[in-house]
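Let's take a walk through a protein together, one piece at a time. Have the picture ready to turn as you read.

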Amino acid sequence: MHSGHGGAGAVSFRRERYVPRGGPDGGDGGRGGDVVVKVRQNLKTLAHLSGKTRLTAENGAQGEGRKRHGRDGQDYVLEVPPGTTISDVETGELLLDTAADAGTADAEDVVLLRGGRGGKGNTHFKSSTHQAPRFAQPGEPGEQRTLHIELKLIADVGLVGLPNAGKSSLLQALTAAHPKVGNYPFTTRVPHLGVLRYYDQDVVLADIPGIIEGAAGGAGLGHQFLRHISRTAVLALLIDVTDEDPAATYATLLGELNAYNGELGRKRRIVVGSKCDLDPDGNLLSTVRTACATERVIGVSSAARTGLDELVRAIGELVTPAVDQEGVTDEF
Ligand SMILES: Nc1nc2c(ncn2[C@@H]2O[C@H](COP(=O)(O)OP(=O)(O)OP(=O)(O)O)[C@@H](O)[C@H]2O)c(=O)[nH]1
Ligand SMILES: [Mg+2]
């Protein structure tokens, strides 16, 4: 990463008819562009930077005759999502640490690397003893650094359900993520993240290990993974439609969330009836709806890929309630 070099000052003398020995008139060089970081709340990933290895601001232009200033170099604007840290690879110095939960306002811009100052033109070096200076100042070099840019990914949506409910399969069906899917409990041992697109927003989904009764108290894989969804905005509670007692499952899930932390129990949420391909008549899904009568329930099948569009829309609305959907409805 490189900020712009300052442009050199000019060595120039007035040359006009009837002014045989014009004084110096070399203008100053332009300022080199800065490298500026802008934190964008609507960015969720660093995908737009992938493959870009050299990020360079523009150099300042040289000064010119007739005291004309060189043009200033353009800044390079590095846009990053909240939760990004930037450090210097050589020194390890932490240059920027944007809060992951800084609210909704875009933070102040930060100048990461300053552009070099432009050199002074020869007009500045005229004195009583030096009427015709034949030198000017070179531009100041820009700064160069190799940076490590890292994002602490924070999920928007947490997938919560009993072991084997189909959470990882759903993440795979909705996003490009490839978590392991298995016909046994606790296939997932560490959280996985996937990103889906909703209008111009990236929505990050977190797939976590299954919850069992007592999870908040440390049962199963312990409650360490509940921590990973404590900062999500929305929860999707998965209930397998073939579950023999969906009411008990719903009570268990809510109970564990509340026991872990009251905030988890109060998050915006949606209930997902999973594996609907095993319920062609919809009777089982009706039972799930009855079991959690106060919730919005959406039936899906990751295997048959049904109900996924409706689920994406519901999740998107919960995550970004303010998105103006008029005029972009043809994206679906
Ligand atoms: N028929 C059918 N089976 C599914 C569907 N989704 C998942 N399964 C099956 O259910 C089993 C569990 O799926 P996973 O996606 O691993 O479930 P999980 O909730 O991530 O499980 P844990 O990580 O162990 O908590 C696997 O055998 C899947 O093939 C579906 O839509 N239809
Ligand atoms: Mg899983």
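Start with a pair of residues facing each other: L196 stands opposite V203, which belongs to β9. Keep in mind as you look that this is a predicted model. The two strands here are β8 and β9, and they run antiparallel, paired over 7 bridges. How many residues sit between β8 and β9 in their hairpin? There are 2 residues between them, and one residue in the turn, Y199, has a positive phi of about 50°. While you're looking at strands, here's a handy general point: in a regular strand, side chains alternate between the two faces of the sheet.

Now zoom out. The protein's secondary structure adds up to 5 helices and 12 strands. It has 332 residues, and 41% of them count as buried. Take the contacts between residues at least 6 apart in sequence: 70% of these join residues at least 24 apart.

Next, find helix α5, which covers residues 308-319. You can check its length yourself: its 12 residues, at 1.5 Å a residue, should span 16 Å, and the C-alpha atoms at its ends are indeed 16 Å apart, so the two agree. Which residues of α5 are buried? They are L311, I315, G316, L318 and V319. Look down the axis of α5 and these buried residues fall within an arc of 165°, which means they line one face of the helix. Over on the other side of α5, D309 and E310 are exposed. And what covers the buried residues? Strands do part of the job, including β7 (157-161), β8 (192-198) and β9 (201-207), along with β10 (234-240), β11 (268-274) and β12 (297-299). So the hairpin strands you met at the start turn up again here, because β8 and β9 are both among what covers the buried residues of α5.

Helix α2 lets you try the same trick again. This one takes in residues 246-260, 15 residues in total, and reaches 21 Å from its first C-alpha to its last, close to the 21 Å expected at 1.5 Å a residue. Its buried residues are P246, T249, L253, E256 and L257. Seen down the axis of α2, the buried residues stay within an arc of 100°, so they too line one face of their helix. The cover over them includes β7 and β10, plus two helices, α3 (262-266) and α4 (283-291).

Now hop over to ligand 1. It has 24 residues around it, and those that come nearest are S168, S169, N183, T188 and G210. Which helix gives the most to this shell? That's α1 (residues 167-174), with 3 residues. By type, the shell divides into 8 nonpolar, 13 polar and 3 charged residues.

Finish with a couple of backbone oddities out in the loops. R66 isn't a glycine, yet it has a positive phi of about 55°. You'll find R66 in the loop between β1 (35-39) and β2 (76-80). Is R66 buried or exposed? It's exposed, because just 12 other C-beta atoms lie within 10 Å of R66, and 12 or fewer counts as exposed. R305 tells a similar story: its phi is near 55°, again positive in a residue other than glycine. R305 sits in the loop between β12 and α5. With 12 C-beta neighbours inside 10 Å, R305 counts as exposed too.

Note on methods
Residues are numbered from 1 along each chain as its sequence is written. Chains are lettered from A and ligands numbered from 1 in the order in which they are written. This is a predicted model: local features need pLDDT of at least 70, side-chain atom pairs count only at pLDDT 80 or more; totals for chains, interfaces and linings use all residues. Helices (H or I, at least four residues) and strands (E, at least two) are DSSP runs, numbered from the N terminus. The expected span of a helix is 1.5 Å times one less than its number of residues. A residue is buried if 20 or more other C-beta atoms lie within 10 Å of its own, exposed if 12 or fewer, and partly exposed in between; C-beta atoms are placed from the backbone. The arc is that of the directions from the helix axis to the C-beta atoms. Two residues are in contact if their C-beta atoms, placed from the backbone, lie within 7 Å. A residue is near a molecule or strand if its C-beta atom, placed from the backbone, lies within 6 Å of it. Ala, Val, Leu, Ile, Met, Phe, Trp, Tyr, Cys and Pro count as nonpolar, Asp, Glu, Lys and Arg as charged, and the others, Gly among them, as polar. Two strands pair if DSSP finds at least two bridges between them.
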